[in-house]
Amino acid sequence: MNTLVADARKPGRLLIRRHSVAVRVTHWINVICLAVLLLSGLQIFNAHPSLHWGQSGFEPDRAVLDITAVAVGDTLRGVTRVGGLAVPTTGVLGASAGSDGALEERAFPSWLTIPSYRDLASGRRWHFFFAWGLVLNGAAYLLHGLVSGHLRRGLLPSADQLTPRHLLREVADHARLHFPRGDEARRYNALQKLAYLSVILILLPGMVATGLTMSPGVDAAWPWLLDLFGGRQSARTLHFVTASLLILFVAVHVAMVVASGAWNNLRSMITGRYAIHSEDSSS
Amino acid sequence: MSTRIPRRRFLAGAAAGAGALALGGCDRLVQNADVERILRLAERLTMGAQRALLSGGALAREYSEAELSPVFRSNGTSRPAGEAYAALAETGFADWRLSIDGLVQRPLSLSLADLKQLPSRTQITRHDCVEGWSAIGKWTGVPLGLLLQTAGLAANARYAVFHCADEYERSADGSGRYYESIDLVDAFHPQTILAYALNGQDLPVANGAPLRLRVERQLGYKQAKYLMRIEVVESFAHISRGRGGFWEDRGYEWYAGI
């Protein structure tokens, strides 16, 4: 992270080596895996568009979430029920345009599923292939992070970053879209570190663990997973919730990347080099 | 920096490619036979990993009576069509016979009464449908391993194929008839039973009367209903479309542990 390359054309501009090859490669493999997992996961969800709590469950009227279509006259209406609340979602959830343009019953619309048409078998094949990709890629990343010290040095917030005063200032800075510059930009800020660590250590492992809890084979080998998540149907619901949290993370992550210098950030995750401006540190 | 332009061009190209992929290109990839062959490798990985995890013969969780589903959902066929099945059902399956044949030393033909006299196992287990829902039921039946032992397997026996009474998809050539297969690891697992009772009652027609397979560490479509014949084979490549089951012939994994 400390290799410096002065940019000959722009005095005061330093290119630091921000991301190792391992981090860059695993990052982009992760992007591909998560994208396919989301879209194929929604295909799988569409086969039974209700979420339940507990060991078992299939009745839509006792579901915690249910995305359905109701026939009204000769047309369809999409309805999404969360707990006791029913929200009309025609066109997006419950009923949306099929290949012929007419409304058809489907929980998530065709532009959000792999494949676009209803095909659970293919959705599963894609999901499990890329799930293996996610797991192997994630394991390689964690192993590298532990051995190289990247997790400890790059992602664990340092003591000075964890004081309430510092954290409050970071929150205020983020709210105004002020990002660290100069020397302070050499490391991740504390909010960034905490967000990344939550994803790496909680959300992604949680995604895999809740997914495995839906497997009757894995449940036989590791029945404690059922106790951890409160049953197979609870695990399915938590799989959906965790996926939603990951989508939220990606939305904020991409917004922050754009707001704090889209090209500089993107380049650092491709070539590894990240530009900082040395004059900022003395100002 | 001279390398920057190509990189930008590469990025633009990658972005355009990703866009094309998102707009319908995905469907073409899904239908590509080579892509499918590669994606199917994951099934082998899954089976290998699960078989390693389950090498100690771990049992699927058994639940308490309090956890039984109020109604055990019927899925797939709820009543096989045709006069032959109707005639069997009319007499309470008194004339029904299960035949066990193929690569066995002593082919068997068993009535429902014969099966009920054999040692039985009762287990309250969770049925996980490939669609995503689950139901918990109490099954009573004969361990499949006991029957296979009685019949005596030939040295080259590798799979038990379950032929069912229901035609799930109308077909002229019989390829719509439901069937399933498991290997000997699952066939001899203590929880693999041929169930004739659900929740203490005779198995209802909707749930597979008179006899269905329970292979508890796999998904619902492996739990073949309306059993008529168990054929022990070395390979199932010659049966129907050759992938080892009705749903397997329609794209689903043969190993349904996830």
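Modeller: Domain bounds come from an automatic or database domain assignment. The model is predicted: local features need pLDDT of at least 70 and side-chain atom pairs count only at pLDDT 80 or more, while totals for chains, interfaces and linings use all residues. Residues are numbered from 1 along each chain as its sequence is written, and chains are lettered from A and ligands numbered from 1 in the order in which they are written.

Colleague: Into which domains is chain A divided, and how far apart do their C-alpha centres lie?

Modeller: Chain A has domain 1 (20-48 + 114-274) and domain 2 (50-107). The C-alpha centres of these two domains of chain A are 29 Å apart.

Colleague: How many residues does each domain of chain A give to the contact?

Modeller: Two residues are in contact if their C-beta atoms, placed from the backbone, lie within 7 Å. Here domain 1 of chain A contributes 13 residues and domain 2 of chain A contributes 12 residues.

Colleague: Which elements supply the side of domain 1?

Modeller: Helices (H or I, at least four residues) and strands (E, at least two) are DSSP runs, numbered from the N terminus. On the side of domain 1 of chain A that touches domain 2 of chain A, α1 and α8 of chain A each give two or more residues; the largest share, 6 residues, comes from α8(A).

Colleague: How does one read the contact of chain A with chain B?

Modeller: The size of an interface is often given as the accessible area lost when the parts come together. In terms of residues, this contact takes 31 from chain A and 38 from chain B. On the side of chain A, two or more residues come from each of α1 (21-47), α2 (120-148), α6 (216-221) and α8 (232-259).
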